[in-house]
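This briefing goes through one protein chain by topic. Please keep the sequence and the 3D view open while reading.

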Amino acid sequence: MSAARLTGTKYGCGSGGCGACTVMLSRYDPLSARVLHCSANACLLPVVSLHGAAVVTVEGIGSTKTKLHPVQERIAKAHGSQCGFCTPGMVMSMYTLLRNQPQPSLEDIREALTGNLCRCTGYRPIVDGFKTFCGCCQNGESGKNCCGGGPSTLCNGSSDLFHMNGVLPLDPSQDLIFPPELMLMLQKGGGGRLCFQGNRVKWFSPADLSDLLELRAAHPNAPLVVGNTNVGPNMMFKGDVHPLIISPGSVMELHTVSWGKKVPSGAVCLHRLSLHPLYWQFSVAVASYKLTHKLPFSPFAGGTREVPLNEKFFAGFGRTHLRADEVLLSLHIPRSQPWEFVSAFRQAQRREFAFSIVNAGMKVVFKEGTDTVQSLSIFYGGMGPTLLRVKRTCEGLVGMSWNEGLLEEACRLLAEEVALPPTAHGGKTEFRSILSLSFFFKFYMQVVQELREKNEVPQGHQTFQVYLLTILHPSHIQMVSEIQSSKDPVGRPRVHIAAFQQATGEAKYYDDLPAVSGELFVFMVTSTRAHAKIISMDFSEALRVPGAVTFLSARDVPGQNRRLWFNNTEELFAEEEVCCVGQIIGAVVAESREQAKRAAERVRVTYDDLSPVFFTIEVRARILLTVHTSGEASDREHFETPLICGEMYMGGQEHFYMETQGLIAVPRGEDGEMDLYVATQHTPDLEVVGHTLGVDSNKITCHVKRLGGGFGGKVMKIASLSAIAATAAYKTGRAVRCVLDRGDDMLITSGRHPFLGKYKVGFMNDGTILAADITYYSNGGSTLDESSFIMEKALLHMDNGYKIPNLRGHGLVCKTHLPSYTAFRGFGGPQGLTIIESNVDLPAHQVRAVNMYSEEESYTHHRQPFCPRDMVRCWDECLEKSDYSSRRLAVQHFNATNRWRKRGICAVPLKFGIGFSKGFYNQGAALVNIYKDGSVLVSHGGTEMGQGINTKAVQIASRILGVPMSSIHIKETCTGNVPNAAPSAASFGTDAVGMAVKDACEKLMKRLEPVMKAYPKWTWSQWIVEAYCQKISLSATGFFMGPHTSVDWEKSEGAAYYYFTFGACCSEVEIDCLTGDHKNIRTDIVMDVGKSLNPALDVGQVEGGFVQGLGLYTIEELQFSPDGALRTRGPNQYKIPALCDIPPQLNVHLLADSQNPNAIYSSKGIGEPPVFFGCTLFFAIKEAIAAARRESGLNGRFALSSPATVEKIRMACVDRFTEMVCFTSKPGSFTPWAINV
């Protein structure tokens, strides 16, 4: 793709787990004589596998230079593109769906987007744009029952975020045709064997079945690849070597499916059978021993054989008992019979697009007319290295009646037969064992219900739970004043200025830039030990790899090998000692990224392990920093009232920005000058490059066009990577590109800090909190990074919106031997807020209301004055709009009538500080140039990463200059134009940049005022020409000096923030008490954004932040091995929210009539606060668990750590099945799969 300059297809993970690289693959099928279209992950498709296929990328369907495709137009106009990195993949998935089904349903759209991840938008605007293609509202013809549910929400109305007026209609006749030459070639057929020879791999594509068998006999160890997508990633990431690969995709005998009167049969290659593991188990249970396989021997042996598909067929993980020279020819699946009951179950970390933790297929056959078991088949996946059939259990239940006695006996036998040792691969052993019992109980209850309802069971009855996507409710936005000019864009939901370029793939990110002549690639060599002394590094073997150029280490740094950060130092390359797995100790430079990676794998490092080694938050961990804040008092007397004592743990979180970190360093060959094209949120922080090279910062120019997501993760770590790449460029004299693989990005850069909060709270009988004493422990990792500031923010938010007369907090940052945790959206705020919310006992909504700040002039616990009026308004409106009271009663009724499903509902308020507590960062700068043709170029110090800072800057400039937004352009962020900028962080970017742009534009208008008064009827262009002729400067800098903010930690007081953003959120969830699965039902958010500069962008930030919080509190779980290595290093192991996780009802309301005199045009920062709202799901889950525990007679408080994963939910729902599974091994007597950090 890059060689063809088709950069719209993005590389996000390399393992098919994110969908950023989605393309449409079209093939002509001679059997059906038609063209078949499917979406595919380009990262998993070898080019040599595409012989005879047509590939369409996002550039092929539309362009801003020619004509947009309706899919591209609608996702952009619906505000479905923020950072834009995932947008081309979304577009191609939807485009492929429309090629196959021009009038899809909402469920079709949901299914088409299952494999596409987005970290920015929260998915709602993407669905809003794409659902306009549904048959009911195709081409803008929406009716009263649009999309099958109520009035259309997208047609007309000034308050809509977008409307369908004037959109391009979908015209299938304009779609690209399948290349005729390919169709003719395939129609003729008869092509011979194809062979492709690469540097390390030979690829064969056999012509027919006999040719396949001949190749198989000659190369019995060669993998068959038709799908079989593990082969590529394993070669890329695990170092697997396959000198020869066979791809039987063109063998027509393996493409047929036929249906008989009794038996449907399909001829299909084993490696082409792209069924989810759940369906594998289902098939085994259905057919039992009746399934057959025809296995042709090689032509030399002749004949076929049939084998049953049972547990003996599978030899191990990914292995079968097929002989080396055999090929699977056909698979026969029998129909179900009367009195035969079949069902399948699975539980995964995420509802869809995730490997099962455990799955099962079960079948029972009864003696006709009775409930006596004639035969029983139970198979489990995820309970061992291969398929597990519980033979002893099944045989023991034959002949028994299907009743409680059988259930008890089955659970007893299963508990014995499926018990996992605590050291089992994958961990979660107790949970997996309990799931095996829960699945059987579900099967038991389903069969009981079927037997009660009818005498015979319909053929092939299945129980699959499918949650259809309903219409996501539109967000309610503010309306601009009626007296505001229609030409004034401020306050209007303008589309992101780069949305159309992002939807067409024209938007460029750092790795999309064409290669510089002679460009090299650098790949990091990282530590494999958590704490050790480096004895030696041998890179001789690495430099023998073809294409390898040089090896870098600390001795190659011409300047300083250390970066200084607030009096704390951090090494670029580890010199003598490593302090975590993943620490950079060297780097290999080569001609290509593949060669650099291959060479880096051959670097040999000798270590001498050191002690001690700490990974977890514990008392004996070394303390890097201690800060504390306190209220007026916290005497013992305040804790003689009723007390709540406890603790809560919050796990970390990976940024998982769609675009991994990296840059291009280009030496200019003169006077030490160097240009960096980099993905960073803080351009001046790259002054570390100057220190590393030993040159002044004025010779290092940093260019940032846009980021494919940042979330705080591209502030600190990118500076070190930039210094290393610059060192490589300095040493070689050539441009050097650095692009981290997803796994290395997750390993090296780390993410959100894990927190442990221990609390003691005293309260009155009415719920009024009298005193609270909280101690926060954070896992800082191996270096300080920004951990101290993050802890400060946690402490400054420990009160949330509650007035607690006596409040004391301590913060301790613990040094551990893990990669250093760093900034993440919210910056400690969510952790500080969540701990205080966990103190609020039931009935939670009443306690929150009683303790909320209410005085017109209130003071925080750090004595900063503020007015809580809008916070209280948000709270009241949220309870009203969510219909909280009646829904709470409905939840109680649901819980009273359902034993194994429970619901919970939770509402929380929010007070979130905006700006940097370090006052010197509260500044912004801009440069505005007006050209003689009247066009305007704006430069500023912020970086565009999807939040819309450029769009809002253009709106502000448009208002002041009185020119249309189309006449204003922002090229890039560049330190040559605006130096010394503050980070784009702390929800303060638009405040700082907007005021600076406003200042610059006002200066220009003041200069132009005499000309405009002299010639009032002239146009803008004429005024500019006249000003030029009068030698009036048409260039101006703008600067914003924000307020001084600081905290005196000795006195525990100070104005820490510029102002506060308020909000409230209410969420309802439903849990499956037997599996731990949960469903997010509905979320209502009321957000105070002041007077929004752009409601569409602000609503997008609210929704995107909430969904990121959804992941933080319910899904995203980082796992570390006992030796400190990160296990979750990609989308296959680490799950962020997908479309299936979004509440079907997601309502966002912007608070009306809100004022904020402190910020640009009375707006408010909004990027970080909504992340905290994910906790409403967590506490709603906890409430549902409490309801389940009460059914088991457990009424007391219980601990639940975040995230509330399926494992934690199930383990907390104590019942008779959890009591049947108990491990006798004591902690410390075995090595666990993963550890808590």
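The buried residues of helix α19 are Gly829, Pro830, Gln831, Gly832, Leu833, Thr834, Ile835, Ile836, Glu837 and Ser838. That makes ten buried residues out of ten, and the helix, spanning 829–838, is mostly covered. The model is predicted. Its protein chain holds 29 helices and 44 strands.

**Chain as a whole**

- Of the 1237 residues in the protein chain, 60% are buried.
- Counting contacts between residues at least 6 apart in sequence, 77% link residues at least 24 apart.

**Annotated cysteines**

- The unreviewed UniProt entry lists Cys83, Cys86, Cys118 and Cys120 under "binding site".
- These four positions span 38 residues in sequence, but no two of their C-alpha atoms are more than 9.4 Å apart, so they gather at one spot.
- From this set, Cys120 is part of the lining of the largest cavity.
- Cysteine 83 sits in the loop that runs between α1 (70–77) and α2 (87–100).
- Cysteine 83 counts as buried because its relative accessibility is 3%, under the 20% cut-off.
- Leaving aside residues up to four places away in sequence, cysteine 83 touches Cys120, which belongs to the UniProt set. Its other contacts are Gln502, Tyr509, Leu707, Gly708, Gly709, Met945 and Gly946.
- Cysteine 118 is found in the loop between α3 (106–112) and α4 (124–130).
- With a relative accessible area of 5%, cysteine 118 is buried as well.
- Cysteine 118 touches Cys86, Met90, Tyr123, Ile126 and Pro1137, again not counting residues up to four places away in sequence. Cys86 is another of the UniProt positions.

**Threonine 1128**

- Threonine 1128 belongs to the loop between α26 (1095–1115) and β44 (1145–1150).
- Is threonine 1128 buried or exposed? Its relative accessible area is 3%, so threonine 1128 is buried.
- The side chain of threonine 1128 comes to 3.3 Å from the backbone nitrogen of glutamine 1119.
- Beyond residues up to four places away in sequence, threonine 1128 has contacts with Met746, Glu1117, Leu1118, Gln1119, Gln1133 and Tyr1134.

**Four-stranded sheet and helix α27**

- Strand β44, which follows the loop of threonine 1128, belongs to an open sheet of four strands. The strand order is β36-β42-β43-β44, and the pairing is mixed.
- The edges of this sheet are β36 (901–914) and β44, each of which pairs on one side only.
- On average, and with direction ignored, neighbouring strands of the sheet are turned by 15 degrees against each other.
- Strands of a sheet pair through backbone hydrogen bonds, in either a parallel or an antiparallel way.
- How do β36 and β42 run, parallel or antiparallel, and how many bridges join them? They run antiparallel, and 14 bridges join β36 to β42 (residues 1059–1072).
- Proline 909 has alanine 1064, in β42, as its bridge partner.
- Helix α27 (residues 1175–1191) packs on the sheet and touches β36, β42 and β43 (1078–1087). The direction of α27 makes about 150 degrees with that of β36.

Notes
Residues numbered from 1 in each chain as written. Predicted model: local features only at pLDDT ≥ 70, side-chain atom pairs only at ≥ 80, totals over all residues. Heavy atoms only, no water. Helix = DSSP H or I, 4+ residues; strand = E, 2+ residues; numbered from the N terminus. Buried < 20%, exposed > 50% of the residue type's maximum accessible area, 1.4 Å probe, protein only. Polar contact = N/O pair within 3.5 Å; in protein donor to acceptor, adjacent residues only side chain to side chain. Contact = heavy atoms within 4.5 Å. Pairing = 2+ DSSP bridges. Axes fitted to C-alpha atoms, helices over the stretch in contact; angles between N-to-C directions. UniProt positions renumbered as here; feature names shortened; annotations may be inferred. 1 Å grid on protein atoms, 1.4 Å probe; cavity = no way out; pocket = protein on both sides within 12 Å on 5 of 7 lines; lining within 4 Å.
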